[in-house]
Amino acid sequence: MIFVFKLSHLLNTFAGIELKYKNLMASFGNAFSSSIGKKLIMGITGLFLILFLIVHCFINSLIFLNDGGLIFNLGAHFMATNWLIRGSEVILMLGLIVHAVQGLRLTFQNQAARPVKYAVNNGNANSKWYSRSMGLLGTLLLIFLIVHLSNFWVVSRFTGIPTEDVNGLENLYAVMQQTFQNIWIVVLYELAMVSLLYHLLHGFASAFQTLGWNHRKYSPLIKGIGVWYSIIISLLFAAMPVAFYTGLIK
Amino acid sequence: MSTGNMNLTLKVWRQKDNKAKGSLVDYKLSEISPDMSFLEMFDVLNEQLINKGDEPVVFDHDCREGICGACSMFINGRPHGPKDLVTTCQLHMRSFKDGDTIVVEPWRAAAFPVIKDLTVDRTAFDRIIAAGGFISVNTGNAQDANALPIPKLQADAAFEAAACIGCGACVATCKNASAMLFTSAKISQLALLPQGQPERYRRAQSMVAQMDAEGFGNCTNTGACEAECPKGISLENIARMNRDFYAAKFVSEEEV
């Protein structure tokens with residue numbers, strides 16, 4: 001009897017925890033479905049993708065060492081085999097999907113908030129065109145990402161890299177070199193990097209504002225860092241296809 | 001009564017009622033004085049329309065000195081016209097040139113339905129205020145002045161937020177028709193002061209909930225609202241509202 005009583009007591013406790021968990025999630029869900037919560041999701045995933053771009057850009061910039069891709073392949077091999085990185089990759093993909101899906105949903109919701117458009121609207125008088133075009137820039141980036149992921153990510157993670165370098169590592173460098181012989185791929189990448197530049201120019205500082213970090217002392221610094229970050233990241237990425245296509249790096 | 005020499009072409013949104021389909025109608029005006037306010041120019045137009053037996057253009061106006069927030073015209077693609085930090089009644093015809101064509105439309109937002117011509121229903125703002133834009137005070141004798149010390153910076157920031165006249169220019173110009181600048185000003189003016197503390201986190205939650213229920217869009221931080229606000233309400237208020245909202249939802253134990 002005592003055992004049975006204790007078991008039911010334990011089950012009740014579990015049910016209690018489950019209920020409390022459900023209540024907590026309901027409360028959070030309520031927060032994330034509000035207009036500010038939706039912004040928060042865009043801001044957090046955006047900042048996460050901004051952090052990812054630093055890592056991505058740094059490792060890819062190893063190609064500029066012009067050593068036939070040996071050190072770059074080493075970096076790529078580490079990224080492909082380290083379990084911590086592979087784990088983060090899942091979170092990265094989720095972050096990307098959430099950012100894209102939420103961004104598209106917000107774009108449509110916001111359009112619906114003004115069913116009748118203005119005949120004349122002088123938006124340039126009060127805001128930057130790219131801050132008003134985040135949905136468009138993001139969509140262009142999404143289209144680019146589908147091409148980009150199938151160019152490299154699918155190859156390195158699933159279908160396999162065909163060649164090895166002198167160290168016996170997967171030669172992702174050769175895949176890049178091969179891919180960027182196609183002028184149309186190069187053009188697509190360059191256009192995408194222009195989109196990225198403007199998407200980041202608004203997104204970086206905007207994410208901090210959304211988090212509530214608007215401060216007389218820090219905001220000017222955040223805005224300055226945002227501009228430099230956007231320019232440096234986009235320029236470095238944009239230089240890669242051109243460097244391969246023109247044969248600047250071999 | 002017109003003593004000036006400006007000739008203008010107006011393209012004014014005419015819409016019979018909320019259900020009717022509206023359109024831009026052309027009007028020629030002559031002998032307009034550059035010293036007239038934009039609303040006085042509309043008075044001239046309306047007198048001419050009345051004399052011709054036509055229906056005058058319906059537009060909102062009240063104090064005509066920039067403090068009531070009633071006048072709400074979207075002029076040549078900007079709320080309250082080409083000048084910064086003014087309402088339509090404070091805009092003068094000298095801001096335009098002889099021979100100009102001026103397009104005048106009502107505020108456009110799902111949450112601000114057109115009532116007639118240039119007048120829109122802005123009671124959504126009233127409902128946001130009613131949801132929590134107040135403090136509860138016991139009646140009785142007034143407290144001693146300055147009984148509660150308030151730092152100067154804090155008092156100034158609260159005062160600047162309280163300068164919001166609820167005109168709706170932020171919603172009108174926002175590409176998302178978002179009401180976050182308005183709502184954040186109405187939250188901030190109380191959240192910054194000691195009297196606003198007891199209801200601070202309840203207020204942030206209920207006013208944001210009401211704002212969402214009214215069908216305004218979501219803020220994307222373009223900054224257009226701040227640039228067009230006739231009272232210069234700052235985006236800092238939106239950041240403060242965000243902070244209060246997060247604190248309310250993720251830290252405070254009070255559910256609204």
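## Strand pairing in chain B

How many bridges join strand 1 of chain B to strand 5 of chain B, and do the two run parallel or antiparallel? This is a predicted model, and here four bridges link strand 1 (residues 6-14) with strand 5 (residues 101-105) in a parallel arrangement. If you want a spot to start looking, try B:K11, whose bridge partner in strand 5 of chain B is B:V103.

Strand 5 of chain B also pairs with strand 3 (residues 74-75) of chain B, this time in the antiparallel sense and over two bridges. Here B:F74 sits opposite B:E105 of strand 5. While you're tracing these, remember that side chains in a regular strand alternate between the two faces of the sheet.

## Two asparagines with positive phi

Now for the loops. A:N66 isn't a glycine, yet its phi is positive, near 55°. You'll find A:N66 in chain A, in the loop between helix 2 (35-60) and helix 3 (70-81). B:N221 has a positive phi too, near 55°, and again the residue is something other than glycine. Its place is the loop between helix 6 (200-213) and helix 7 (224-228) of chain B.

## Buried or exposed?

Which of these labels fits A:N66, buried or exposed? A:N66 has 10 C-beta neighbours inside 10 Å, so it counts as exposed, the cut-off for that being 12 or fewer.

B:N221 goes the other way: it is buried, because 27 other C-beta atoms lie within 10 Å and 20 or more is what being buried takes.

Note on methods: Residues are numbered from 1 along each chain as its sequence is written. Chains are lettered from A and ligands numbered from 1 in the order in which they are written. This is a predicted model: local features need pLDDT of at least 70, side-chain atom pairs count only at pLDDT 80 or more; totals for chains, interfaces and linings use all residues. Two strands pair if DSSP finds at least two bridges between them.
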